[in-house]
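Open the model in your viewer and keep the selection box at hand. We will go stop by stop.

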Amino acid sequence: MLPAPELANDTSLSDLRSSMLENVKKATTTWSGSVEARTDRAVSRTGRRLFGDRRETLLTGQRMNSIEENYPLLELEEKDYEFSGHPLKITMFKGASLGVSAYVWGPGIVLCRYFESEKIDFTGKKVLELGSGTGIVGILTVLLGGDVTMTDRPYVLKQIEYNILANIPVSSRHRSRIRALAWGSDQNSFPTDFDIILGSDIVYSPSQFPNLIQTLLYFCKDKTVIFLCSDVKYREGSAEFHEELLPVQFHSQLIHTSGSCCIYKVTRKVSDDED
Ligand SMILES: C[S@@+](CC[C@H](N)C(=O)[O-])C[C@H]1O[C@@H](n2cnc3c(N)ncnc32)[C@H](O)[C@@H]1O
């Protein structure tokens with residue numbers, strides 16, 4: 001197993017954390033707390049010093065008291081994983097109105113295990129993840145060498161950033177990016193040169209299927225490979241999406257199953273130039 005990332009000596013962590021806190025302050029509409037409070041709860045619950053001594057600036061004096069009084073502490077839940085020798089500690093921001101994004105879902109685990117069993121090396125690959133949630137799949141992909149852009153709805157990005165800071169060593173962090181991407185509307189501002197698109201448990205809401213297809217069509221060029229891992233039994237419309245909708249414009253090959261979770265390798269059927 002590789003050693004856990006050294007965070008306490010991370011000189012850029014303070015800057016990253018400050019910018020994270022600024023972002024959270026700007027986007028508080030769906031938040032019931034502050035990252036200062038959440039971070040401190042994570043540290044005190046687990047005894048792990050996610051942010052080294054720098055957290056003390058936020059833990060001292062009246063400022064901390066007022067944060068505690070003004071923002072009820074969020075419930076943070078941490079879970080430990082290990083894939084391909086990389087220990088991961090994933091924090092889920094429960095109680096932050098993140099809905100399904102505040103969980104690590106089965107298809108995410110299945111995709112991570114698949115990367116492990118197939119010894120997949122993402123070195124040199126430009127990867128886009130859709131619906132990252134906690135970021136578990138995208139973070140592992142960075143640790144396996146990829147240059148990864150993790151995306152989700154705007155209010156989920158702080159959770160992803162938190163997990164990136166906690167799990168990706170500074171030396172690899174330049175290969176991780178976070179951007180808001182709502183399917184069907186935001187993709188046009190993204191580049192289209194991704195080698196690989198990842199999506200775990202993103203096929204579950206039939207009303208979003210047209211938007212998801214539109215986004216996949218935008219990103220999937222001749223040589224792009226999409227890996228989708230979906231629960232085809234317990235997610236509404238998932239089997240129909242993979243068996244009927246997707247095959248209209250994509251080649252889709254079932255490459256792995258684990259229980260009702262299926263991994264599909266997907267490529268574009270026709271190479272038309274839409275840009
Ligand atoms: C069930 S969660 C899966 C999270 C993670 N991939 C995993 O496997 O644990 C689905 C994710 O897709 C995101 N999502 C759903 N609909 C979306 C949309 N229309 N645009 C962007 N993201 C969306 C949600 O915000 C959520 O984080």
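Start at the hairpin: select E1 and E2, which have two residues between them. Pick Ser 84 in the turn; its phi is positive, about 50 degrees. This is a predicted model, so read every value as computed. Now show the strands in full. E1 covers residues 75–83 and E2 covers residues 86–94. They run antiparallel, joined by nine bridges. To check the register, pick Leu 76 and find its bridge partner in E2, Phe 93.

Next, the open sheet. Colour its seven strands in the order E5-E4-E3-E6-E7-E9-E8. The pairing is mixed. Which strands stand at the edges? They are E5 (176–180) and E8 (250–258). Each has a single partner strand, so one side of each lacks a neighbour in the sheet. From one strand to the next, the twist averages 20 degrees.

Zoom in on E5 and E4 (residues 147–152). This pair is parallel, with five bridges. Select Asp 152 and look opposite, to Ala 180 in E5.

Now add helix H5. H5 lies across E6 (196–200), E7 (225–231), E8 and E9 (261–268). Against E7, H5 runs at about 135 degrees.

Move to the ligand. Its surroundings hold 23 residues, of which Ser 101, Gly 108, Gly 131, Gly 133 and Ser 200 come nearest. H5 (106–117) and H6 (136–143) are the elements that give two or more residues to this shell. By class, the shell has 11 nonpolar, nine polar and three charged residues.

Finally, zoom out. The protein chain has 10 helices and nine strands. Of its 275 residues, 41% count as buried.

Note on methods:
Residues are numbered from 1 along each chain as its sequence is written. This is a predicted model: local features need pLDDT of at least 70, side-chain atom pairs count only at pLDDT 80 or more; totals for chains, interfaces and linings use all residues. A residue is near a molecule or strand if its C-beta atom, placed from the backbone, lies within 6 Å of it. Helices (H or I, at least four residues) and strands (E, at least two) are DSSP runs, numbered from the N terminus. Ala, Val, Leu, Ile, Met, Phe, Trp, Tyr, Cys and Pro count as nonpolar, Asp, Glu, Lys and Arg as charged, and the others, Gly among them, as polar. Two strands pair if DSSP finds at least two bridges between them. A residue is buried if 20 or more other C-beta atoms lie within 10 Å of its own, exposed if 12 or fewer, and partly exposed in between; C-beta atoms are placed from the backbone. Axes are lines fitted to C-alpha atoms, for helices over the stretch in contact, and angles run from 0 to 180 degrees between N-to-C directions. Two residues are in contact if their C-beta atoms, placed from the backbone, lie within 7 Å.
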